[in-house]
Amino acid sequence: MKLFVANWKMHKTRASARAFAEELGREVGGGTGGVELALAPSYPLLDAARDPQGRWALACQNVAAEAEGAYTGEVSAAMAADAGCAYAIVGHSERRRLFGEDGPVLARKIARCREAGLVPIYCIGETAEERDAGLTATTLVRQLDALVGDAPSRPLVVAYEPVWAIGSGRSASAEDCGAALVHVAEILSDRRDLRLLYGGSVTPENARSLLAAPRTDGFLIGGASLSATSFAAIARA
Ligand code: PEP
């Protein structure tokens, strides 16, 4: 089933999250039309973003690499699961770039997700410099290394998000997106339950053509997911 994940990043309040959920409920009506939706708000907004009718799932944007203990400011995967999350975004490029998260840390976060029963949405993607240097494939292979210790029988979502496309208004072409996802699918060919998302400046206007790219099972959406109308329009594509 296609999966569309709204990454709200550090936006919204409880009131605006509630308003979004009400509007999304009106957009979706009785059902999501055979696609799966998930909202990834900041932790304090999880309750406000929840759908009492269960038409969309909840995701968190990050989890701690440790299970429990004296880690001031951290939120554990078990806490996120207890708060109703089904998914956890792990390794978003903003976490890698701004908070220095690297492969070994991300591998530990994935392990914590598994212990808590959360499905990781593991983000990978090359920077503009890596792309210009012809290092896209090498970068993806290196980033996928964090999955080496993760049992291939577990459900997994991988989001290919070229860093230069995130929040830039310049999405990857359907051709580049398809080529990257086919490569990722080959590397992860032992996986039994794998969904591959694209992320990076997805809008209602470009969603249909990007979704036609080979192996694209949905999107991770930032800016355009802040409006329920445009998030629903993307999912309808
Ligand atoms: C993201 O941050 O995951 C993302 C895809 O952002 P945007 O859609 O705004 O490019």
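## Around the ligand and along strand E6

In this predicted model, an oxygen atom of the ligand sits 2.8 Å from a polar backbone atom of Gly223. Taken alone, the ligand would expose 290 Å², and the protein buries 96% of that area. Two further residues also place a polar atom beside a ligand oxygen: His92 does so with its side chain, and Gly222 with a backbone N or O atom. Here are these contacts side by side.

| Residue | Part of the residue | Distance to a ligand oxygen atom |
|---|---|---|
| His92 | polar side-chain atom | 2.8 Å |
| Gly222 | backbone N or O atom | 2.8 Å |
| Gly223 | polar backbone atom | 2.8 Å |

Let us widen the view to the whole shell. There are 14 residues around the ligand, and those that come nearest are Lys9, Glu161, Gly167, Ser201 and Gly223. What is the make-up of this shell by residue class? It divides into 8 polar, 4 nonpolar and 2 charged residues.

Now for strand E6, which spans residues 156-160. This strand is mostly covered, with 5 of its 5 residues buried. Which residues point to each side of E6? Leu156, Val158 and Tyr160 point one way, while Val157 and Ala159 point the other way, and all of them are buried.

E6 has parallel partners. Strand E5 (residues 119-124) runs parallel to E6 and is joined to it by 4 bridges; in this pairing, Tyr122 stands opposite Val158. With strand E7 (residues 194-199), E6 pairs in the parallel sense over 5 bridges, and here Val158 stands opposite Leu196. Val158 is thus a handy landmark to pick out on screen: Tyr122 lies opposite it in one pairing and Leu196 in the other.

How does the chain segment with E6 and E7 fit together, and with which helix? E6, helix H8 (residues 174-187) and E7 make a β-α-β unit, and this unit is right-handed.

One more residue deserves a visit: Arg112, which has its place in helix H5 (residues 103-116). Is Arg112 buried or exposed? Arg112 counts as buried because its relative accessible area is 17%, and the cut-off for buried is under 20%. The side chain of Arg112 also has a polar partner, reaching the backbone oxygen of Ala65 at 2.9 Å.

How values were computed:
Residues numbered from 1 in each chain as written. Predicted model: local features only at pLDDT ≥ 70, side-chain atom pairs only at ≥ 80, totals over all residues. Heavy atoms only, no water. Near = heavy atom within 4 Å. Polar contact = N/O pair within 3.5 Å; in protein donor to acceptor, adjacent residues only side chain to side chain. Areas by Shrake-Rupley, 256 points an atom, 1.4 Å probe, with all protein chains shown as cover. Nonpolar A, V, L, I, M, F, W, Y, C, P; charged D, E, K, R; others polar. Buried < 20%, exposed > 50% of the residue type's maximum accessible area, 1.4 Å probe, protein only. Helix = DSSP H or I, 4+ residues; strand = E, 2+ residues; numbered from the N terminus. Pairing = 2+ DSSP bridges. Right-handed = clockwise from strand over helix to strand, strands pointing away.
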